[in-house]
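This report concerns one protein model. It takes up metal coordination, domain packing and charged side-chain pairs in turn.

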Amino acid sequence: MTTPIPTLQTAAVIQEPGPNGTVRIDNAYPVETPGKNQVLVKLAYSGVCGSEVRALLGWSNYKPVVGHEGVGIVVKIGENVSESVLGQRVGVKWLHSACGQCSECQRGSSNHCMKPAYTGVHAQGTLQQYVVADSRYLTAIPDGVADEVASPLLCGGLTMMGGIAKLDAHIPKDGWVVVSGSGGGLGHVGVQIASRLRKFRVIAVDTGSSKRELSLQCGAHEFIDFATEDVEQRVREITGEGAHACLIVSGSEAAFELAPKLVRNNGLLAIIGLPAATFNFPLAASVFAARALTVTGVMVGTERQMEELLQHAAAGVIHPTVKVEEFSAIPEIFEKLKHGQVTGRIVVRIPQ
Ligand SMILES: [Zn+2]
Ligand SMILES: [Zn+2]
């Protein structure tokens with residue numbers, strides 16, 4: 001394996017993060033060298049997660065290069081990494097590395113590690129040709145799953161696996177689950193996981209005919225258009241007392257305000273979408289008590305859930321709807337994300 005590795009590469013670089021932040025394509029961006037336990041991955045595709053708009057707007061401290069849904073081939077290894085990893089097709093996820101020591105890591109939930117490092121935050125992300133990743137948290141991509149199909153499963157799909165796993169204690173086998181934001185990049189995969197893998201009855205909530213069609217194709221029992229229908233009333237009609245759980249996939253404040261009204265008493269609200277950091281959950285503490293509601297959060301999913309999801313994708317049960325675009329379109333894609341104009345998941349082709 002003697003792939004020549006350049007010292008400079010093409011990368012999408014965020015400049016002046018904030019209200020007027022921009023993304024520039026840089027054709028002379030340095031390629032990093034993998035350190036201990038690390039590898040260098042030559043990327044083929046990367047998804048552009050909706051959460052990256054937080055980096056553009058400067059809502060938190062990110063690296064100049066973000067992206068955390070990368071698929072490519074290991075071309076170089078650092079110290080302490082087995083040579084057998086060279087040439088493997090792998091996924092680079094949001095979790096760059098974890099401590100391996102805390103109670104969450106010990107029980108296999110490294111995604112909830114006490115001292116995590118995230119791709120795009122603590123390490124440069126996947127919107128570049130070559131990315132350094134931690135070999136211990138790489139995901140092997142099974143044969144039969146194309147690069148561009150695997151990409152959006154690495155964050156979007158995995159997050160839905162993690163969120164839906166949280167429902168177990170709250171919902172009977174054929175219970176009702178509302179997926180709010182069902183036609184988006186995460187939501188439509190969530191509908192597939194909830195209905196096809198878990199056999200829950202899904203009420204999909206979103207707006208517009210293309211999102212209706214996609215949600216129903218993905219296995220939703222019912223679709224409610226929040227722009228033209230009374231969602232609370234329709235959920236009552238369908239379920240009697242309300243749904244057992246609501247997955248709030250949309251980051252919109254209206255979705256958070258509506259969610260508690262859609263579940264029955266003792267219901268579960270799972271926070272998956274990420275509104276601005278200053279936004280608090282809009283419900284009186286006394287209502288939580290009176291209605292015995294549970295609110296849970298989730299940060300992606302476990303390594304085990306990742307493997308499981310990719311196996312289901314290889315078997316053709318889970319299939320994300322993906323739009324592939326060229327790398328040069330990244331600045332425009334970020335502008336669209338900023339204005340909420342992206343439907344489904346965009347995956348970019350990395351220049352080879
Ligand atoms: Zn993401
Ligand atoms: Zn840990």
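The text below begins with the basis of the model and then turns to the metal site.

The model is predicted, so local features need pLDDT of at least 70 and side-chain atom pairs count only at pLDDT 80 or more, whereas totals for chains, interfaces and linings use all residues. Residues are numbered from 1 along each chain as its sequence is written, chains are lettered from A and ligands numbered from 1 in the order in which they are written, and side-chain values use heavy atoms, with hydrogens and water left out.

**Zinc site**

The zinc ion (ligand 2) has as protein donors the SG atoms of Cys99, Cys102, Cys105 and Cys113, at 2.3 to 2.4 Å. Donors are N, O and S atoms within 2.8 Å of the metal (3.2 Å for Na, K and Ca); water is not among the atoms, so sites may look incomplete. The spacing of these donor residues in sequence is C-x2-C-x2-C-x7-C. The arrangement of the 4 donor atoms is tetrahedral because they subtend angles of 102 to 121° around the zinc ion (ligand 2); four donors count as tetrahedral if all angles lie between 85 and 135 degrees. Cys105 and Cys113 are both buried, where buried means under 20% relative accessible area with a 1.4 Å probe, protein chains only.

**Domains and their interface**

Domain 1 covers 8–152 + 301–349 and domain 2 covers 167–297; these bounds come from an automatic or database domain assignment. The interface values are listed here.

| Domain 1 and domain 2 | Value |
|---|---|
| Separation of centres (C-alpha atoms) | 27 Å |
| Residues in contact (heavy atoms within 4.5 Å) | 13 of domain 1, 15 of domain 2 |
| Buried area | about 1100 Å² |
| Share of buried area from carbon and sulfur atoms | 66% |

Arg54, Val317 and Ile318 supply 33% of the area that domain 1 buries against domain 2, more than any other three residues. Buried area is the accessible area (1.4 Å probe) that two parts lose on being put together, summed over both.

**Salt bridges**

A salt bridge is a side-chain nitrogen of Lys or Arg within 4 Å of a carboxyl oxygen of Asp or Glu. The structure holds 17 salt bridges, but the rule finds 0 across the interface of domain 1 and domain 2. One salt bridge joins the side chains of Asp134 and Arg136 at 2.7 Å, N to O; Asp134 is buried, with a relative accessible area of 5%. Another joins Glu237 and Arg234 at 3.7 Å, N to O.

Key:
Tetrahedral: all angles 85-135°; square planar, octahedral: opposite > 155°, others 65-115°. Buried < 20%, exposed > 50% of the residue type's maximum accessible area, 1.4 Å probe, protein only.
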